[in-house]
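I opened this entry to look up how the strands pair and what fills the core. My notes follow in the order I looked.

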Amino acid sequence: MRTIICAAALLLSASAASASGGIWCNVDDTAVKFDVGAGVTRGMGGPTFNFSGTLEILGRPVGDDLSKTAFENSNLTQYWLDNKELRLNIYREHQLPDIYNYVELTILTKASDEGVYDGQYTLAIYDNAADADKDGKPVELTGKVSCGAE
């Protein structure tokens, strides 16, 4: 009887493991370093879970609030994944007393192989202190990105 219960538990855990996968993207170029990822379910519309990541903007002053950012579930504002494209929009506000800053990372990729997505990222950085014109326009950095999905 114990063998039957253990076998049933093993089969159930194997089917649960195949019901989810993951997505990830990373960049290490001259302007930025980032690494983001999440789990993705294979049903119910494919929602993500456990999204997290880090972003480092190179060339920012030491101690600058925008130089390093940690992302969590609530920062993944939009995502799209199919056999042709992976798209992510990640947004995080940095609020200090009387100061409003943000970073918005947009990743647009196309499948280059099974589970491999290559494309471009755009990082919009709004730094209130650096906005001399007070026009609210962010500085944008762009580059190539490689992502994966399983």
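**Strand pairing**

I began with a single pair: Gln-95 faces Tyr-100, a residue of strand 7. The model is a predicted one. I then looked up the pairing of strand 6 with strand 7, which is antiparallel and runs over twelve bridges.

Next I traced the whole sheet. It is open, built from nine strands in the order 4-3-2-1-9-8-7-6-5, with antiparallel pairing. Strand 4 (68–71) and strand 5 (76–81) are the edge strands, each paired on one side only. From one strand to the next I noted an average twist of 15 degrees.

**Edge strand 4**

I looked up how strand 4 is attached. Strand 3 pairs with strand 4 in the antiparallel sense, over four bridges. Within strand 4, Ala-70 is the bridge partner of Thr-54. Which side chains of strand 4 are buried? Thr-69 and Phe-71, which point to one face, are buried, while Lys-68 and Ala-70 point to the other and are not.

**Core**

I turned to the largest nonpolar core, which has 28 residues. The members that touch the most others are Cys-25, Phe-34, Leu-88, Ile-90, Ile-107, Tyr-121 and Leu-123. Strands that each supply at least two residues of this core include strand 1 (20–28), strand 8 (116–126) and strand 9 (139–149). Strand 2 gives the largest share, five residues.

Last, I listed the contacts of Leu-123, leaving aside neighbours within four places in sequence. Leu-123 is in contact with Val-32, Leu-55, Ile-57, Val-103, Glu-104, Leu-105, Val-139, Glu-140 and Leu-141.

Notes
Residues numbered from 1 in each chain as written. Predicted model: local features only at pLDDT ≥ 70, side-chain atom pairs only at ≥ 80, totals over all residues. Heavy atoms only, no water. Core = buried A, V, L, I, M, F, W, Y, C linked by side-chain atoms within 4.5 Å. Buried < 20%, exposed > 50% of the residue type's maximum accessible area, 1.4 Å probe, protein only. Contact = heavy atoms within 4.5 Å. Pairing = 2+ DSSP bridges. Axes fitted to C-alpha atoms, helices over the stretch in contact; angles between N-to-C directions.
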